[in-house]
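This report describes selected features of a single protein model. The sequence and the structure are shown first, and the description follows.

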Amino acid sequence: MARARDERLWALVRAERGALAKELAGFGIEQWRHGTLCGEWDVEQVVAHLTAAASLNQWRWLRSMAAARFRPDVHNRRRVAEYCGSTPAETLDRFRAVINSTTAPSGHTPAYLGEVVVHAQDIRRPLGLSRTPSVDALTPVANFFAGRNFAVASRTRVAGLQLKADDGPFAVGTGPLVTGSTLALVMGMAGRVSYLAELDGPGVQTLRSRL
């Protein structure tokens, strides 16, 4: 049962990577250099980060983190530099090469689905692109984010709040209600402040104060 679930999640990862790659294929240089929701990273750097995430097994990840003295920002910056090509086209080719990859530093498959879901929206929103991942892809990410701090402090951010999607089955927690689309809830848990405007309920202000 666990293996079947894992295979289903990896299929969703492949679908989300493939959808992003198709969008990127039509980008001009201004779009590749456009800012994203990932701080100082532009679109090309976010894509290189996604390629790195799909290329590092547990040993390679540990070795990279150790070399960075377990500073995630240093690790990420070095891997982005490694997986950026000499041109955006080369960076895209490298990303395409890992679309079907199931390589990951750990067995937390929902987290790696979350990686591509969140970072794809980090690219799309500033550029005004409208694609939304399926509720089937978003729901396991939402459940994982609500239940565990992994790459981001998502569980801490929503502690003591009730979250309920208005477009799917996701519903967890007790306390002041935060409701909205599954995507907006996922992005809010991931710390993307711009998505809070799409959420409603008495718990939104508490969530905002924690970002």
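## Largest pocket, enclosed helix and surface patch

Helix α7 contributes more residues to the lining of the largest pocket than any other element, namely 6. The model is a predicted one. The largest pocket has a volume of about 860 Å³. Its lining comprises 31 residues, of which His49, Asn76, Glu115, Ala151 and Val152 are the closest to the centre of the pocket. At least two lining residues come from each of α3 (43–53), α4, α5 (72–83), α7 and α8.

Helix α7 also takes part in the surroundings of helix α10. All 8 of the 8 residues of α10 (residues 182–189) are buried, so this helix is largely enclosed by the rest of the structure. The residues concerned are Thr182, Leu183, Ala184, Leu185, Val186, Met187, Gly188 and Met189. They pack against the elements listed below.

| Element packed against by the buried residues of α10 | Residues |
|---|---|
| α7 | 109–127 |
| α8 | 135–147 |
| α9 | 154–157 |
| β1 | 162–165 |
| β3 | 177–180 |

After α10 comes Gly191, which has a positive phi, near 95°.

Helix α4, one of the elements that supply the pocket lining, spans residues 58–67 and contains Trp59. Is Trp59 buried or exposed? Trp59 has a relative accessible area of 57% and is exposed, because the cut-off for that class is over 50%. Together with Leu62 and Phe70, Trp59 forms a nonpolar patch on the surface, and the three residues have about 360 Å² of accessible area together.

Terms used
Residues numbered from 1 in each chain as written. Predicted model: local features only at pLDDT ≥ 70, side-chain atom pairs only at ≥ 80, totals over all residues. Heavy atoms only, no water. Buried < 20%, exposed > 50% of the residue type's maximum accessible area, 1.4 Å probe, protein only. Helix = DSSP H or I, 4+ residues; strand = E, 2+ residues; numbered from the N terminus. Contact = heavy atoms within 4.5 Å. Patch = residues over 30% accessible without salt bridge, like charges linked within 9 Å, V, L, I, M, F, W, Y side chains within 5 Å. Areas by Shrake-Rupley, 256 points an atom, 1.4 Å probe, with all protein chains shown as cover. Salt bridge = Lys/Arg side-chain N within 4 Å of Asp/Glu carboxyl O. 1 Å grid on protein atoms, 1.4 Å probe; cavity = no way out; pocket = protein on both sides within 12 Å on 5 of 7 lines; lining within 4 Å. Points joined across faces, edges and corners; volume = space filled by probe spheres on them.
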